Amino acid sequence: MEIRMGFVIITSRCIDCGACMVACRAENNVPLGNTRNWVKDSGVIGQFPKVKQMFEPGNCMHCDEPPCVMVCPTGASYKRPDGIVNVDNAKCIGCKYCMTACPYEARFINAETGKADKCTLCLHRLQRGLKPACVQTCLGKARQAGDLNDPESVVAKLLAAYPSRQVLPELGTGANIHYIDVLVPEIPEGK
Amino acid sequence: MNAELPWGFMIVIYLFTAGLSAGAMITSNLALLKNREQYERIARWGAYVAPFPIAIGTGMLLLDLGSPFNFYQLFLTLQVRSAMSYGSWAILLFTLLSFVNLYLWLAGTLSSSQMASSNRKKS
């Protein structure tokens, strides 16, 4: 089966330390004031004494049907055969149409390059057999990335074992960050 | 989610100037079609006005780009699913057309006296 790269994020394991944001910034030289990934905070849910709080890390969802790729007037935004949505800087004119189209607000204009900027799933690291910087650094092991179609991968094993959800599934984007909200006591071994 | 658009004041100016140009062009040509002799002044001034607001608007569009010097990438391709791709080709063709129209009026090819004389020559 063809490769389909994506993330599995276990919200119950996220402690909102922000290490993924720091690692991404350091790895990809993201300018200050912008970020390629984030941690959303639900705030306090419920009434004392039954309260809880949830953190939802995120970044580009590398959608199956990416709206940003559809609207790009020059073809600079493209989807690779392995599912990674990327920007070709040589073609990008910085028109911001993709930023308007993205329902997850995963994109910004990099003021240093004048191009649309977003998560690349750390393509340069994947090519060397490394994990993305945010996944590597995540101390709760909340962030996992890999080939969703490969049954031997960590992400596929997690998705098979636990219920998951996507953000804004009603838009039909086929977002490839799958969130697991239930407790995951142990991360399975795998690629 | 944040409802704010990344497009700002430059795009507002562009939309206004593009509307101005399109309006001038449409008025000019409708006047020609309706009654050439009676409305020639309207048609002439419409043609005189049309090319310039859109030229300013296009300049604003360029300034709004993150990489203005890369704008030519728009005209190396037609992305069938991108409204902006159609739009950029439409602006290019409209601006060229409006300048051709202006030239024809300045050269007198479209004015009624010229037409009348050329008709007379034929008969």
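Two strands are taken to pair if DSSP finds at least two bridges between them. I applied this rule throughout to a model that is predicted.

**Entry 1: the sheet in chain A**

I looked up the strand order and found an open sheet of 3 strands in chain A, ordered 8-1-9, with mixed pairing. I noted strand 8 (143–147) and strand 9 (177–180) of chain A as the edge strands, since each pairs on one side only. For the mutual orientation, I recorded that neighbouring strands of this sheet are turned by 25 degrees against each other on average, with direction ignored.

**Entry 2: strands 1 and 9**

I recalled that strands of a sheet pair through backbone hydrogen bonds, in either a parallel or an antiparallel manner. I then checked strand 1 (residues 5–10) of chain A against strand 9 of chain A and found parallel pairing over 4 bridges. Within strand 9 of chain A, I located Y179(A) as the residue opposite I9(A).

**Entry 3: the helix across the sheet**

I asked which strands helix 6 of chain A lies across. I found helix 6 (residues 154–161) lying across strand 1, strand 8 and strand 9 of chain A. I noted that this helix runs at about 110 degrees to strand 8 of chain A.

**Entry 4: the contact between chains A and B**

I recorded 19 residues from chain A and 19 residues from chain B in the contact. On the side of chain A that touches chain B, I listed helix 2 (67–71) and helix 3 (97–101) of chain A as the elements giving two or more residues. Helix 3 of chain A gives the most to that side, with 3 residues. I also sorted that side of chain A by class and entered 10 nonpolar, 5 polar and 4 charged residues.

Terms used: Residues are numbered from 1 along each chain as its sequence is written. Chains are lettered from A and ligands numbered from 1 in the order in which they are written. This is a predicted model: local features need pLDDT of at least 70, side-chain atom pairs count only at pLDDT 80 or more; totals for chains, interfaces and linings use all residues. Two residues are in contact if their C-beta atoms, placed from the backbone, lie within 7 Å. Ala, Val, Leu, Ile, Met, Phe, Trp, Tyr, Cys and Pro count as nonpolar, Asp, Glu, Lys and Arg as charged, and the others, Gly among them, as polar. Axes are lines fitted to C-alpha atoms, for helices over the stretch in contact, and angles run from 0 to 180 degrees between N-to-C directions.
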